[in-house]
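Work through the exercises below with the structure in view. Try each task before you read its solution.

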Amino acid sequence: MTADALACPLLVLQRAIQTNDFPRFTVGRDKLLRTLQYFSRFYAWYLFRSNSPHRLIAPFEAIKKQFALTRKALRLGKNVEHFKAAATAMDDTKSRDEFLRYCTVGRQLGYAVYLTLDMATYVDTVGIWKLESAKRLQKEAYRAWFVGLLFNAVAGCYTLWELRQRETTIDKADGEGVVESKKIQRERKATNIQLISDLCDLTIPSSALGYANLDDGIVGLAGTASSLIGVWGTWKKTA
């Protein structure tokens, strides 16, 4: 491999860091890995149901497990960001809507606890430190993630209701009313997309906790859908 070929990806990474795109770069990488992980989960299930030979299923099972483990490693320390975000939201007394503020706090705390417990299970999974309570911690991690997603889904439903109320007060014959109406349409579109993503993601902890009897096909497709939404959102921010 030539020096120029090696320099190219390094220059891209350097450019991302210098332009403050590095956080989006790492988030985008996680979304891509997540997409492959959940698609592999679905496709392994599909091949198994199709009575395909094990040699065809094994690669997708490996991708599912190894990419899940890789993403666990990449998430180490991310819980601190969510604890900080929860504290910031709690201190934001100037927020225009108290209900949404508390939903934000609940969501961020749910994600923070999930990532903290997930970090504990990682050291057990890779064999650094075996924990007898690893399975219980993983279950509690899923429960915290479920709570965080639920808070975000409730906030999304509330926001859609609020937008509907705002829309009834607009005079679309007025120039300012037309501008406000377009703004509401953009907010509604973004909220609907996020709500769909949250509902897809809710299938994952719901299945793991036994709240819903969902097979790997449904969970895999739902996870793939929410991951692609995340990839698309990250791409839009960097475009």
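The exercises that follow concern a predicted model.

**Exercise 1. The overall fold**

Task: State how many helices and strands the chain has, and find what share of its residues count as buried.

Solution:
- Step 1. Count the elements. The chain has eight helices and zero strands.
- Step 2. Read along the sequence. The pattern is α-α-α-α-α-α-α-α.
- Step 3. Turn to burial. The chain has 239 residues, and 36% of them count as buried.
- Step 4. Look at contacts with a separation of 6 or more. Residues 24 or more positions apart account for 71% of these in the chain.

**Exercise 2. Helix 5 and helix 6**

Task: Describe how helix 5 and helix 6 pack, starting from their axes.

Solution:
- Step 1. Locate helix 5. It covers residues 98–125.
- Step 2. Take distance and angle. The axes of helix 5 and helix 6 come within 8 Å and cross at roughly 160 degrees.
- Step 3. Classify the angle. Angles over 145 degrees count as roughly antiparallel, so helix 5 is roughly antiparallel to helix 6.
- Step 4. Sort the contact residues of helix 5 with helix 6. There are 20 nonpolar, seven polar and five charged.
- Step 5. Give the hand. Helix 5 and helix 6 make a left-handed crossing.

**Exercise 3. Helix 6 and helix 7**

Task: Repeat the analysis for helix 6 and helix 7.

Solution:
- Step 1. Locate the pair. Helix 6 spans residues 134–168, and helix 7 spans residues 175–209.
- Step 2. Take the numbers. Their axes lie 8 Å apart, at an angle of about 155 degrees.
- Step 3. Classify. Helix 6 and helix 7 are therefore roughly antiparallel to each other.
- Step 4. Give the hand. Helix 6 passes helix 7 in a left-handed crossing.
- Step 5. Sort the residues in the contact of helix 6 with helix 7. The classes hold 16 nonpolar, seven polar and ten charged residues.

**Exercise 4. Two residues in helices**

Task: Place Gln 138 and Val 123 in their helices, then decide how accessible Gln 138 and Val 123 are.

Solution:
- Step 1. Gln 138 sits in helix 6.
- Step 2. Its relative accessibility is 19%, so Gln 138 counts as buried; the cut-off is under 20%.
- Step 3. Leave out residues up to four places away in sequence. Gln 138 then touches Lys 72, Asp 118 and Thr 121.
- Step 4. Val 123 belongs to helix 5. At 23% relative accessibility, Val 123 counts as partly exposed.
- Step 5. With the same exclusion, Val 123 touches Ile 128, Trp 129 and Leu 131.
- Step 6. Compare sequence and space. Val 123 and Ala 73 are 50 residues apart along the chain, and their C-alpha atoms are separated by 9.5 Å.

**Exercise 5. Cysteines**

Task: Explain why Cys 103 and Cys 157 are not bonded.

Solution:
- Step 1. Find the cysteine sulfur closest to that of Cys 103. It is in Cys 157, 10.0 Å away.
- Step 2. Apply the limit. A disulfide needs sulfur atoms within 2.5 Å, so this pair is too far for a bond.
- Step 3. Check the total. The structure holds zero disulfides.
- Step 4. Add accessibility. Cys 103 is buried at 5%, and Cys 200 is buried at 17%.

**Exercise 6. An unusual backbone angle**

Task: Which sign does the phi of Asn 51 have, and is Asn 51 buried or exposed?

Solution:
- Step 1. Recall the background. Most residues other than glycine have a negative phi.
- Step 2. Asn 51 is not a glycine, yet its phi is positive, about 60 degrees.
- Step 3. Asn 51 lies in the loop between helix 2 (22–49) and helix 3 (54–74).
- Step 4. Its relative accessible area is 71%, so Asn 51 is exposed.

Terms used:
Residues are numbered from 1 along each chain as its sequence is written. This is a predicted model: local features need pLDDT of at least 70, side-chain atom pairs count only at pLDDT 80 or more; totals for chains, interfaces and linings use all residues. Side-chain values use heavy atoms; hydrogens and water are left out. Axes are lines fitted to C-alpha atoms, for helices over the stretch in contact, and angles run from 0 to 180 degrees between N-to-C directions. Helices (H or I, at least four residues) and strands (E, at least two) are DSSP runs, numbered from the N terminus. Angles under 35 degrees count as roughly parallel, over 145 as roughly antiparallel, 65 to 115 as roughly perpendicular and the rest as oblique. A crossing is left-handed if the near helix is turned anticlockwise from the far one by less than a right angle, and right-handed if clockwise. Ala, Val, Leu, Ile, Met, Phe, Trp, Tyr, Cys and Pro count as nonpolar, Asp, Glu, Lys and Arg as charged, and the others, Gly among them, as polar. Buried means under 20% relative accessible area, exposed over 50%, partly exposed in between (1.4 Å probe, protein chains only). Contact means heavy atoms within 4.5 Å.
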